[in-house]
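Colleague: I'd like to go through this model with you. Can you show me what we're looking at?

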Amino acid sequence: MYVPVMKNRTVEVSVLQQLSLLHVFDGDVIPLIELIQERTRSNNNNTFTQDLCKILDEAPNMRVMVDFYKTTKLRNTTDTIREYVTLSVRQPDFCLSEMAALQTHSQRVIPVVSYLSENISPERIQYESNSLRKSFPNIAYRVKVQEFESVFSYIESLISPNDFLLLDIESASHMSPVFKKIYKRIADSKKRLHFTSIVVNSHRPDGLANKDMLDGEPIADIDNSLKELYSTNLMNRFDGFGDYACISAALPSTGGAISPVGIYYSLENNYFVSYRGRAPQLSEFPQYIAPRIVSSEYWKEFSDEHHDKCPGCQEIQAIVDGLKSGRNQAQWKMITMLHYIYTIYEETL
C-alpha cells in the first residue's frame, strides 16, 4: 500500500484530480491530503472540501485520507494559510465542522486524528476520535516518533479493527536502530487489534534547494529506500509506506527565485534524477530540461505504454513536441509527482 501525502494547494490538487480520473486511487494507493487552507486558490468560489466531494463523485471507487496540518511555525507563509492552520490547531470543533462537509462520502473518506507535538492533548484526541467515529467507519491515527511511547499507548485504547495507524518518522532515517523498538511495538499491537500500519517519511529534506542539484545526476540527498524496506522483517512488516512524492513537507513560503530543475524518478534504481537548467531562465525548461529527460537512459527504462498512459510523461512529451510551453516551475513539480505516483501505482497492479 502506498500513501502519497499532499497539501491542498494548486499543484497537489491538480495531481489529485488527474490521477483520480485514471483510477490510480481506487485500490492500494490512498492519498493523504493535509489541509492548510480553506480554498485551493483565493479566487475559487468553492471550498476545498466542496472540490474534494466533486473529485470523489467523479471517481466512485477512490479512497482518501484527510488530515489538518498542525504547526505554530507560520512566520514565512501567507495570511490565508496562517489563519486556517491556527484555527486547526486551536479549535477541534473547526476541524470537525470541515470534516462534516465530507460526510456524504463517509465510506471512502478516512479522517486522520493528529496532534501538535508541542501541545499534546489526549482529551482532544479522544474527543475528535469519538466525534468522527459517529460519521466515518474508518479513522487513521497519526503518531510521531518523538512522542510515540506516550501517545501510542493511549491510541491503542481508541483504535478499531480496519483503522489505520500512521507512524510519521518525518525526515529521520527509517533504518535508525532507535526505531526497532517502535516497529516491534506496532507489529505486536497490530496482531491483537487488527489495524493497518503505514510508515510515512519526508524523503526530500526541507533544506534541499534546486541550486544544490547536479544536472543529469541522481539526487543523493533523497533516500527512497523506505519503498523497498517497509514490508521486510527489518521493519517488522508495515502494510504500507507514504511520502510527499518528492515535494518538500514544509509549508509553502512566499517569494522565491527562478531556479529551473526537472526531477524524474527511475524505477529500476529507485532514485530521483535532477536535470538542471544552464541559466536561471524559465526557457530552460522546454529548451534544455525536457529534451534532456526524453533522451536519457532513465526515460528509456520505461515502456512506450507507460509514456502513453503516465500523465507526467505525457506532459514532458507535450513540452518537447511544442504542444505545451513548460515555462513554469510549478508545472514541473506537478510532473515529478504525477510520474512518481503513477509509476508506483503501476507496480501495485
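Modeller: Sure, and keep in mind that the model is predicted. One thing to know up front: two strands pair if DSSP finds at least two bridges between them.

Colleague: How do you know that β5 and β6 pair?

Modeller: The cut-off is at least two bridges, and strand β5 (residues 140–144) and strand β6 (residues 164–170) have 5 bridges, in the parallel sense. For lysine 144, the bridge partner in β6 is aspartate 168. Helix α6 (residues 148–155) packs on the sheet there, touching β5 and β6, and its direction makes about 165° with that of β5.

Colleague: What order do the strands of the barrel follow?

Modeller: The 8 strands go β1-β2-β3-β4-β5-β6-β7-β9, with parallel pairing, and they close into a barrel. From one strand to the next, the twist averages 25°.

Colleague: Why are α4 and α5 called roughly parallel?

Modeller: Angles under 35 degrees count as roughly parallel. Helix α4 (residues 92–100) and helix α5 (residues 122–133) pack at about 20°, with axes 11 Å apart, so they are roughly parallel to each other. Their crossing is right-handed.

Colleague: What makes up the contact of α4 with α5?

Modeller: Pro92, Asp93, Cys95, Leu96 and Met99 come from α4, and they meet Arg124, Tyr127, Glu128, Ser131 and Leu132 in α5. Those contact residues split into 6 nonpolar, 1 polar and 3 charged.

Colleague: And which strands does helix α1 lie across?

Modeller: Helix α1 (residues 10–21) lies across β1 (2–7) and β2 (32–35), and runs at about 140° to β1.

Notes. Residues are numbered from 1 along each chain as its sequence is written. This is a predicted model: local features need pLDDT of at least 70, side-chain atom pairs count only at pLDDT 80 or more; totals for chains, interfaces and linings use all residues. Side-chain values use heavy atoms; hydrogens and water are left out. Axes are lines fitted to C-alpha atoms, for helices over the stretch in contact, and angles run from 0 to 180 degrees between N-to-C directions. Helices (H or I, at least four residues) and strands (E, at least two) are DSSP runs, numbered from the N terminus. Angles under 35 degrees count as roughly parallel, over 145 as roughly antiparallel, 65 to 115 as roughly perpendicular and the rest as oblique. A crossing is left-handed if the near helix is turned anticlockwise from the far one by less than a right angle, and right-handed if clockwise. Contact means heavy atoms within 4.5 Å. Ala, Val, Leu, Ile, Met, Phe, Trp, Tyr, Cys and Pro count as nonpolar, Asp, Glu, Lys and Arg as charged, and the others, Gly among them, as polar.
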